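Reader: I have a structure open and would like to talk it through with you. Could we go from one helix to the ring pairs and then to the charges?

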Amino acid sequence: LSVDELAQTFSKVAGLDTVPQQPNTYPALNPFDIYRSHITELLAKQTGIEAKIIYPTLAWTAKSENGDLQLAVPALRQKGKDMKAFAQEIGDTALPQFPESPLVEKPVINGTFVGFFFKPAALTSLVIPQILKAGPSYGFNPNFGLKDPSDPSAGRKKIIVEFSSPNIAKPFHAGHLRSTIIGGFLANLYGGAGWDVVRMNYLGDWGKQYGVLAVGFDEFGSEAELVQNPIGHLYDVYVKISKIAAEEADKIKALKEEVKELAAKGEDTSAKEGEIKKIEDEGVDQQARNYFKRMVDGEEKALGIWKRFRDLSIEKYKQTYARLNIRYDDYSGESQIQDESMDAAARIMAEKGVSEDSDGAVIVDLTKYSKKLGKAIVKKKDGTSLYLTRDIGAAFERMEKYHFDKMIYVVASQQDLHLAQLFKIEEAMGRKDVAEKCQHINFGMVLGMSTRKGTAKFLDDILRDVGEKMHEVMKTNKTKYEQVEDPVKTSDTLGISAVMVQDMRGKRINNYTFDMDRMTSFEGDTGPYLQYAHARLCSIHRKALAADPSIPTSPQDFTAQANLALLTEPHAVGLVRQLAAWPDVFINTIKTQEPTTVLMYLFKMVHAVSSSYDHLQVVGSEREVMLARLSLYYAARQVLNNGMRLLGLSPVERM
Ligand code: ARG
């Protein structure tokens, strides 16, 4: 709703002639902003404290029994006052004139907290039309991404979210799975907040191992399999050739022992030495080195084969990512980092005395900043660069290419040290401004991730297994199962939701156990449960339309006809309060950067919905009541849908 439309609602339901609005707040997007502004006005008048101090202290409450908004009195920073007494004063007793308000009840005091409850009638008539009107954008707020909120022409802030970042020809392990899920969510989150988001995948696609792979492909590769299943096939090839390389290394070791023994006995060692030399010169390891050297030297044929592996893998990844509603703007990777950027970085490090020589290698001693950071190698003795060196160069290049305002690396906590070193080195190089824009979003491990066929190696296998399991679960309800149009597709979507919700349920940093039975259950805080709640809300709508053909099909239309003042039952009011909170939950999520903030809210909201069904029936009620309740449920469906999409889930309409 526009502010003008809101003003009309307000004069009608609350007798207010203007919409309360403090500077830089968004009443048209967030109902809580209206209430915060309103309460601020009242409190400023009553206490003489400046509005801009009061406003930000009015916080969203995790528990609705504490009020819809809560003021922590100490946060007002009034020196020399007794906080409890001051809370009483604000609330009521000392100043018994907390003004009568059309929007909020008299505050409730709890120690140094003052809780405010919104008056239901005004809230309902405000929030439901607001949700219906905003639709898929309800809750999101594109103003947070503005460089200057008071001047939209100054443009939007840019963020790079680097996530997933698997290694070609290596397993897609749990760390990559979590990075994909959490990173996809964060990209949506910043997008919803109006940032200009660059989704980046930083592939592990460079190094001697890609020489090994090419040698292996010569030996074991199949063109047909490569095209059909590049990720799996390259991995198989890599495993086979690595085995040979390892056997050769063992053989050399054994031969060297034999040479030693022969020499000790004074016997001729030349035959054995010849064998060693032959392996060293012609074995996999040397062939791989030669091959990788040709790649480094930019030889077209060598690079062509490698590029083909990379391109085919990316094509395959794209398909899998699409199942998770993820697409990338930039498939970068270790291979893409230019020597020039790494050389430039090396020069700066040397000039500023950041790096030093150590036995022919170049290191950065970070212990002077913190013992924990240790010493980092940035160039090996043989002159080759490392993972860290590439990341330093990459940060350079990304700044140049994107001029980002923020960059997030979504990487497992096993790499805490690596990223801490990276940021510290950037700072030491005199690029504190860049370092400050970078953030490592880390996460814990997944325990016991395996498929039915053994340890999980690829994302596709995990998704296939969970989808199959979901299919079995669905079949246990025969009648319902028969109504689902495409059960395989639906079970696939439900399986993906199961995996994703399980991953996002807890705080990111916590480890969790991959538990197929639990995640696919329809009970408890699971993905299938959320999907079920969404499908049920959709079916309410379908059934109502079927029962009464005079009901307009468009939710906007039936809500316009509805008398929302009929929604007075405690269940209806409780649900409206939850729905009104969604935009504030979104803002809170920008602060926590935790998907669990969204999930916990959605579960709570969905519980409020499911406990309402018995009390707030739609079909069978009088037409007027039916329209009002239908509007309420439609609003709930919209909020659930928006929340699920923010998490990266695809809400289903039937299951
Ligand atoms: N490919 C790396 C791995 O699998 C993750 C890359 C993380 N990102 C980065 N900029 N270092 O461990």
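**Helix 11 and its surroundings**

Reader: Glad to start here; what covers the buried residues of helix 11?

Author: A word first: this is a predicted model. The buried residues of helix 11 are V284, A288, Y291, F292 and M295. Their cover includes helix 7 (208-220), helix 9 (230-265), helix 10 (270-282) and helix 12 (300-323).

Reader: How do the buried residues of helix 11 fall when seen down its axis?

Author: An α-helix has 3.6 residues a turn, so residues three or four places apart point the same way. In helix 11, the buried set is V284, A288, Y291, F292 and M295. Seen down the axis of helix 11, these buried residues line one face, because they fall within an arc of 95°.

Reader: What span should helix 11 have, and how far apart are its end C-alpha atoms?

Author: Helix 11 covers residues 284-296, which is 13 residues. At 1.5 Å a residue, the expected span is 18 Å. The end C-alpha atoms agree with that, being apart by 18 Å.

Reader: Which residue with a positive phi follows helix 11?

Author: Just after helix 11 there is a residue whose phi is near 80°. That residue is G298.

**Aromatic rings**

Reader: How many aromatic pairs are there, and how is the pair of Y35 and F118 arranged?

Author: The count comes to 20 aromatic pairs. For Y35 and F118, the centres are 3.8 Å apart and the planes make an angle of 15°. Planes under 30 degrees apart count as stacked, and so this pair is stacked.

Reader: How many residues apart in sequence are the parts that Y35 and F118 tie together?

Author: Y35 belongs to helix 2 (residues 31-47), while F118 is in the loop between strand 4 (113-116) and helix 5 (120-134). Y35 is buried at a relative accessible area of 0%, and F118 is buried at 4%. In sequence, the parts tied together by this pair are apart by 83 residues.

Reader: Is Y328, the ring that pairs with Y321, buried or exposed?

Author: Y321 and Y328 pair edge-to-face, with 5.1 Å centre to centre and 70° between the planes. Y321 has a relative accessible area of 1%, which makes it buried. For Y328 the value is 11%, and under 20% means buried, so Y328 is buried.

Reader: Which residues form one aromatic cluster with Y321 and Y328?

Author: Y321 and Y328 belong to one aromatic cluster. Its other members are F163, F172, Y317 and Y331.

**Charges**

Reader: Over which ring does the charged end of R431 sit?

Author: R398 lies over the face of Y202, at 5.0 Å from the ring centre. The charged end of R431 is 3.9 Å from the centre of its ring, which belongs to F396.

Reader: How many residues apart are K133 and E5, which meet in a salt bridge?

Author: The count of salt bridges comes to 36, and K133 with E5 is one of them, at 3.2 Å from N to O. K133 is partly exposed at 40% relative accessibility, and E5 is partly exposed at 30%. K133 lies in helix 5 and E5 in helix 1 (residues 3-14), so the pair links parts of the chain that are apart by 128 residues.

Reader: K401 and D330 meet in a salt bridge; which of the two is buried?

Author: The distance from N to O is 3.4 Å. K401, in helix 14 (residues 387-402), counts as exposed at 56% relative accessibility. The partner in strand 7 (residues 330-333) has a relative accessible area of 13%, so the buried one is D330.

Definitions and conventions
Residues numbered from 1 in each chain as written. Predicted model: local features only at pLDDT ≥ 70, side-chain atom pairs only at ≥ 80, totals over all residues. Heavy atoms only, no water. Helix = DSSP H or I, 4+ residues; strand = E, 2+ residues; numbered from the N terminus. Expected span 1.5 Å × (residues − 1). Buried < 20%, exposed > 50% of the residue type's maximum accessible area, 1.4 Å probe, protein only. Arc of directions from axis to C-beta. Contact = heavy atoms within 4.5 Å. Phe/Tyr/Trp six-rings, centres within 6.5 Å; stacked < 30°, edge-to-face > 60°. Lys NZ or Arg CZ within 6 Å of the ring centre and 35° of its normal. Salt bridge = Lys/Arg side-chain N within 4 Å of Asp/Glu carboxyl O.
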